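Please open the model in your viewer and show it as a cartoon, with residue numbering switched on.

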Amino acid sequence: MFDLIVKNATLTDGRTGIDIACKDGVITAVESGITADAETLIDAKGYLLSPPFVDPHFHMDATLSLGTPRVNMSGTLLEGIALWGELKPIQSVEDIVERALRYCELAIAKGIGAIRSHVDICDDELKGVRALLEVREKVRDHIDLQLVAFPQDGVLRDPTAKDNMIRALDLGVDVVGGIPHFERTMADGADSVRLLCEIAAERGLLVDLHCDESDDPLSRHIETLACETQRLGLQGRVTGSHLTSMHSMDSYYVSKLIPLMVEAGVYAIPNPAINIMLQGRHDTYPKRRGLTRVRELRDAGITVAFGSDCVMDPWYSLGKADMLDIAFMGLHVGQLSSIADMEWCFDAVTENGARIMGLDGYGLAKGCNANFVLLQAKGKTDAIRLRAHRLTVVRRGKVISTSNEVTHQLDALSGRSLNEAMST
Ligand code: FE2
């Protein structure tokens, strides 16, 4: 007797007609024609069963705060940071917890199973840290929440940020963050990268820096990050988030930089919706896209995952916790339109983020955690095209969210999958 069986699913690797059986929170069988009984039986009707969506870059301390105390009029990153500075002193721990939990409800319904959230430590009361540590515990049975100690105002530029970083890590924040391009000078930025990587090395922690979130082609802190990763033996534990300056860099320099990143085993997390919205704001025309070189990084063998970054906060007024929206945006801005590229965009909001976050037991193989989402789509490309409806979300073998099939959607493909249509 199993706890839960899903019948007749299409898997993300393309296999069809697959049944998945779960017991004690773990996947115990993945095969066709399972006939055993289960307490819960789900008929997948041939729809796509995926491991949960993963959002590897988010700001849960700021989410759903849109309009408080005002909105971002210029649409720039820097006005967003200034606006966040106005909000910080007037929000309470309780406000942050309430908003974060409300966001987690949205995320669960959209099939997100893991979130890496940066939390601003440039606040001597550490309100965001205290709030999100509480939220991490509260949502543990529904979402894996990994926290990054993020010195929004610069670990060197802000007078108490370094002490607050240590206090936050002592309280149990998981990952070391930073923002070298916001330090006062390029030299300070490089010093901050060294300092932060040394803190992580001493404590055995992961690193995830907001790195070169700028249109300045000379913002090259990723070079220092790759170098420090190697010097300190942090290969496979370090992420450069955003990396938007790579969009504007000289291509000859990039031909040296990407191999350095490969050598160092550094990961990359672009945030397509936010990058296309915030970058290029000082350009007239032509206007830069501001998304990093996703295809080139991926083709060099670097693990690249897409993050959502912001939902209804000082930087971004839109968003609905939907990682398929993010894949859709990344696909367009990165011009990733072949079948293989579109399928990769789905991986960029699922398994690639799981690898970067170091999630144990992620996937749909026997022995993995029984965490998955059933999508009303026939495959990964259809899922992105439709931003497919999430029919059932399962966590540790238990159904935690359901919704009915959408019946009003016009079937533009006469019953075929998008892959089938593109192959004929
Ligand atoms: Fe961010």
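The tour below goes through one sheet and the helices beside it.

This is a predicted model, in which local features need pLDDT of at least 70, side-chain atom pairs count only at pLDDT 80 or more, and totals for chains, interfaces and linings use all residues. Residues are numbered from 1 along each chain as its sequence is written, and side-chain values use heavy atoms, with hydrogens and water left out.

Begin with the open sheet of 7 strands, whose order is 6-7-8-9-10-11-12 with parallel pairing; strands (E, at least two residues) and helices (H or I, at least four) are DSSP runs numbered from the N terminus, and two strands pair if DSSP finds at least two bridges between them. Strand 6 (53–58) and strand 12 (267–269) stand at the edges, each with a single partner strand, so one side of each has no neighbour in the sheet.

Next, select strand 9 (residues 175–178) and strand 10 (residues 206–211), which pair in the parallel sense over 4 bridges. Here valine 175 stands opposite leucine 206 of strand 10, while glycine 178 has leucine 209 as its bridge partner.

Now add helix 5 (residues 186–203), which makes a right-handed β-α-β unit with strand 9 and strand 10; right-handed means that, with the strands pointing away from the viewer, the path from the first strand over the helix to the second runs clockwise.

Stay with strand 10, where 5 of the 6 residues are buried (under 20% relative accessible area, 1.4 Å probe, protein chains only), so this strand is largely enclosed by the rest of the structure.

Finally, select strand 11 (residues 238–242), which pairs with strand 10 in the parallel sense over 5 bridges, and find aspartate 208 opposite threonine 239 of strand 11.

Terms used
Buried < 20%, exposed > 50% of the residue type's maximum accessible area, 1.4 Å probe, protein only.
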